[in-house]
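Student: I have a structure open and want to go through it with you. Can we start with the first chain and then move on to the contact between chains?

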Amino acid sequence: MGWQWFHRLGSPRWFYEKSSAWIPWLAVLSIALLLWGSVWGLAFAPTDFKQGNSYRIIYIHVPAAFLSLAGYYVMAISGAIGLIWKMKLADMVMKSAAVIGAVLTFVSLVTGAVWGKPTWGTWWVWDARITSMLVLFFLYLGVIALQEAYQQQDTANKASAILALVGMVNIPIIYKSVDWWYTLHQPATIKFTSESTIHPSMLYPLLVMVIAFYLFYALALLLRTRSEILYRERKTRWVQELAEAGKGSH
Amino acid sequence: MSGRAAGIDDSLQAQATPVPGLWPGFWATLRRDLLLAFRHRGEMANPILFFLMVITMVPLGISPEKAVLAMLAPGMLWVVALLATLLSLDGLFRSDFEDGTLEQLLIAPQPLYFQVLAKVLVHWLTSGLPLTLMAPLLGVMLSLPEGGYGVLVLSLLLGTASLSLIGSIGAALTVALRKGGLLLSLIILPLYVPVLIFGASAVTSVVEGFPASGQLAILGAFLATSIVLAPLAAAGALRISVNG
């Protein structure tokens, strides 16, 4: 009995119908938290005495960076579930997670560069964290490219799942290597403000934003997966009935 | 259809006679691939020529100044050796896929892991090893400081083996694609980052007068890990590419 929900997940239709009810909740919660966190962070949090207002970009940058890494694990683990239990839904989640993760990684790279310009005086620095992020971005792009290269959906799923898993094993090694590489070549003039000393009045809006980003990620993943379900099941009767009903109501 | 009947006869005979074990299978693949490589000697020279030509571009593009070249040499030699390995990887499983040998390997009674390991070993013997032996000569051309040569060879010896192993995953994933070459590079290059960092750093630190034993030990650890894990992933990927 306890595992029934897991077996039900094997049916994209069941998931599609169930998840319709989750969307309004997720949407309202994530957008409310995003608004609350960003207004708090951008308007009411105190100004940093060294960096002025430019530090405020952390309210976008840090949550995006958190999720770009977490998103890789979401992608790889759902890929593994798809490989092991041959679950169609997991394959669709993996494909959606790859695109969303790549976008978030790009956002964190761009916001990092925007922050770097006033703070360091340059758009790009070969810092350990930035370089690791860039490699992570490449890993995402590899999975997406492999997914696109195959004609057959089933082969594309399995091949990109294997690549995602190989990447997952490699991510800690890459991060540690890049960290080590950076300590060798560390330029003396550039330093991050250490995050552990952040004042609570700046930290709380950040926490709100992190939670908001997680919820927003879940929402984006859900919406993308649902459209992937409709696309891949477009020849089944229930999707066609759904399309007919949609035509009728408008 | 007559071929299928003959196949059944063969399999009946195979049941009567004992199936060759794991190591005979490994050696058979190794010998076959080495023989094939030896019969196409011209192709074996290609990665080395690529290595030589790209290294020639460095002084032309940057500066023939000795001091500049000496500073760039460790990293340049490593980056170009990595690219040469990468370019030669596309052919790792391709001809076997096209003529059906790969399917035979998949249904062979010996574990696919060891078949892949044998093929990767041949790939390393015909690309990584020659590149490694060639590297000191190119080091002289880039005026790599004395004292760096031993570690250059040692780091490339360990490193290119890891590169061949990791790359075999990409080759297996893209073997069924008609234009797999560029995609192979895209998916494998990010995975090469750690090997490149420690390989180039080993040479740099020895040139600067520090010991390189730490970096070499880590390269050895990478090699050990990839021997265990990479053929597993490549074998899984081959099954998907062939059956998909």
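Student: What share of the residues of chain A count as buried?
Tutor: In this predicted model, 35% of the 250 residues of chain A count as buried.

Student: How many helices and strands are there in chain A?
Tutor: Chain A has nine helices and zero strands. Along the sequence the pattern reads α-α-α-α-α-α-α-α-α.

Student: And what box do the C-alpha atoms of chain A fill?
Tutor: Roughly 65 × 40 × 35 Å, taken along the principal axes.

Student: What part of the contacts in chain A with a separation of 6 or more comes from residues 24 or more positions apart?
Tutor: Such pairs account for 80% of those contacts in chain A.

Student: Let's take one helix, α3 of chain A. What span should it have, and how far apart are its end C-alpha atoms?
Tutor: Helix α3 of chain A covers residues 22-44, which is 23 residues. At 1.5 Å a residue it should span 33 Å, because the count used is one less than the number of residues. The end C-alpha atoms are 32 Å apart, so the two values agree.

Student: Which residues of α3(A) are buried?
Tutor: A:Ser30, A:Gly37 and A:Gly41.

Student: What do the buried residues of α3(A) pack against?
Tutor: They pack against α4 and α8 (200-232) of chain A.

Student: Backbone next. What is odd about phi at A:Lys86?
Tutor: Phi of A:Lys86 is positive, about 50°, although the residue is not a glycine. A:Lys86 is in the loop between α4 (58-85) and α5 (88-120) of chain A.

Student: Why does A:Lys86 count as partly exposed?
Tutor: Because A:Lys86 has 13 C-beta neighbours inside 10 Å, and a residue counts as exposed at 12 or fewer and as buried at 20 or more.

Student: Over to chain B. What is phi of B:Ser143, and where is that residue?
Tutor: Phi of B:Ser143 is near 45°, a positive value in a residue other than glycine. B:Ser143 is in the loop between α7 (112-141) and α8 (149-174) of chain B. B:Ser143 is partly exposed, with 18 other C-beta atoms within 10 Å.

Student: Now the contact. How many residues does it take from each chain?
Tutor: It takes 24 residues from chain A and 20 residues from chain B.

Student: Which elements of chain A give two or more residues to that side?
Tutor: α6 (128-149) and α7 (153-185) of chain A. α7(A) gives the most, with 15 residues.

Student: And by class, what does the side of chain A that touches chain B have?
Tutor: It has 17 nonpolar, five polar and two charged residues.

Technical notes: Residues numbered from 1 in each chain as written. Chains lettered and ligands numbered in written order. Predicted model: local features only at pLDDT ≥ 70, side-chain atom pairs only at ≥ 80, totals over all residues. Contact = placed C-beta atoms within 7 Å. Helix = DSSP H or I, 4+ residues; strand = E, 2+ residues; numbered from the N terminus. Nonpolar A, V, L, I, M, F, W, Y, C, P; charged D, E, K, R; others polar.
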